[in-house]
Amino acid sequence: MADAALDAVRRELREFPAAARGARNLVHVTGGRPLSDRACVAAPFPSPLELSVPLAVPYLDKPPGPLHFYRDWVCPSRPCIIRNALQHWPALQKWSLPYLRWGLPWVECGRCSGASGLGLNVHSSRATAGSAEVSVAVTPDGYADAVRGDRFVMPAERRLPLSCVLDVLEGRAQHPGVLYVQKQCSNLLTELPQLLPDLEPHVPWASEALGKMPDAVNFWLGEAAAVTSLHKDHYENLYCVISGEKHFLLHPPSDRPFIPYELYTPASYQLTEEGSFKMVDEETMEKVPWIPLDPLAPDLAQYPSYSQAQALHCTVQTGEMLYLPALWFHHVQQSHGCMAVNFWYDMEYDLKYSYFQLLDSLTKASGLN
């Protein structure tokens, strides 16, 4: 009897992601019962979009109003890419690698010549971002906060002038490993205040819709090899690409039964004086639950359930903003030297959060992982 009940739970968990995508009809979803005691039997069939998970990430041609954003995107937990939301930011016209270094557009002169013979002649007393010291994640392979073998490995963190990172990105210098400016604790505000006049401190229509200001405003800059492993965040995320492009692989929270989690001993990379990396365990930290699977090359022999998950792929181009709802799983790649800013708004820990926690607990308890 117990085995039959457990098998039934597993079956429902495996079918749940398809139900969330609208793959099953309403009669199947509700077991033939009306939606409520007073629901009309002739109620219209919901489309897949009405059952929350889109078939592809949709585009908006302009920013939504606060009510529209909250009603149509936040409440149903649907991602979207928003165009023409950043056009009034000076950063969209100004930001380039030379601008970050000098605070001025690229002009001709005889200094700092490169392959093109161009350079910069700076006559400004204003402190530039290039002179600021920033936290830089350094990894041997571009994967920060990722599973490597039987460890969850965090990057080595170095404090470097931003100009050193720019030197590497422009091919002027070399540095061991892969560099990524990605400190996720409002590093734009704390480490690069010189850039704040070039953009808004928050997204007004989102702040009004969510009834709060962002918890963090983060700046991102790195090499093409820098990859963000598959994970989820407890934030409503507005991700703005200023230059270059970001490539997102997304899974809705309803795909949780197909996404494996395991517990790993935490460790960190350390960069030796010789320029090599060694992995050092973090003995004071508890084990970390993390996703061991690489969605770009999944080991389906070890994790066969992932073959039933359906990822959404999207590319966020220069000047576009991605709304990534809280608890959506995401894996991120980027073009070389891509510059981005994201706003993290703390999620509401409401019934949606409780439902996800229940789904997560049932997935673990049933042994689907």
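## A guided tour from the surface patch to the aromatic rings

Select Leu362 to begin: this residue is partly exposed, with a relative accessible area of 36% (buried means under 20%, exposed over 50% and partly exposed in between, using a 1.4 Å probe and protein chains only). The structure is a predicted model, in which local features need pLDDT of at least 70, side-chain atom pairs count only at pLDDT 80 or more, and totals for chains, interfaces and linings use all residues. Residues are numbered from 1 along each chain as its sequence is written, and side-chain values use heavy atoms, with hydrogens and water left out.

Leu362 is found in helix H9. Next, add Leu6, Val9 and Leu358 to the selection; together with Leu362 they form a nonpolar patch on the surface, with about 290 Å² of accessible area. Helix H1 (2-20) and helix H9 (351-365) are the elements that give two or more residues to this patch. Patches are made of residues with over 30% relative accessible area and no salt bridge, joining like charges within 9 Å and nonpolar side chains (Val, Leu, Ile, Met, Phe, Trp, Tyr) within 5 Å. A salt bridge is a side-chain nitrogen of Lys or Arg within 4 Å of a carboxyl oxygen of Asp or Glu, and accessible areas come from the Shrake-Rupley method with a 1.4 Å probe, where for residues only the protein chains shown count as cover.

Now display the whole chain as a cartoon. The chain has 9 helices and 19 strands (DSSP runs numbered from the N terminus: helices are H or I with at least four residues, strands are E with at least two). Of its 369 residues, 48% count as buried.

Turn then to the aromatic rings. Rings of Phe, Tyr and Trp (its six-membered ring) pair if their centres lie within 6.5 Å; planes under 30 degrees apart count as stacked, over 60 as edge-to-face and the rest as tilted. By this rule there are 12 aromatic pairs. Select Tyr269 and Phe277, an edge-to-face pair at 6.0 Å centre to centre, with 80 degrees between the planes. Is Tyr269 buried or exposed? Tyr269 is buried, at 8% relative accessible area, while Phe277 is partly exposed at 22%.

Proceed to Tyr349 and Tyr353, an edge-to-face pair at 4.8 Å centre to centre, with 80 degrees between the planes. Finally, select Tyr180, Trp220, Tyr239 and Phe248, which form one aromatic cluster.
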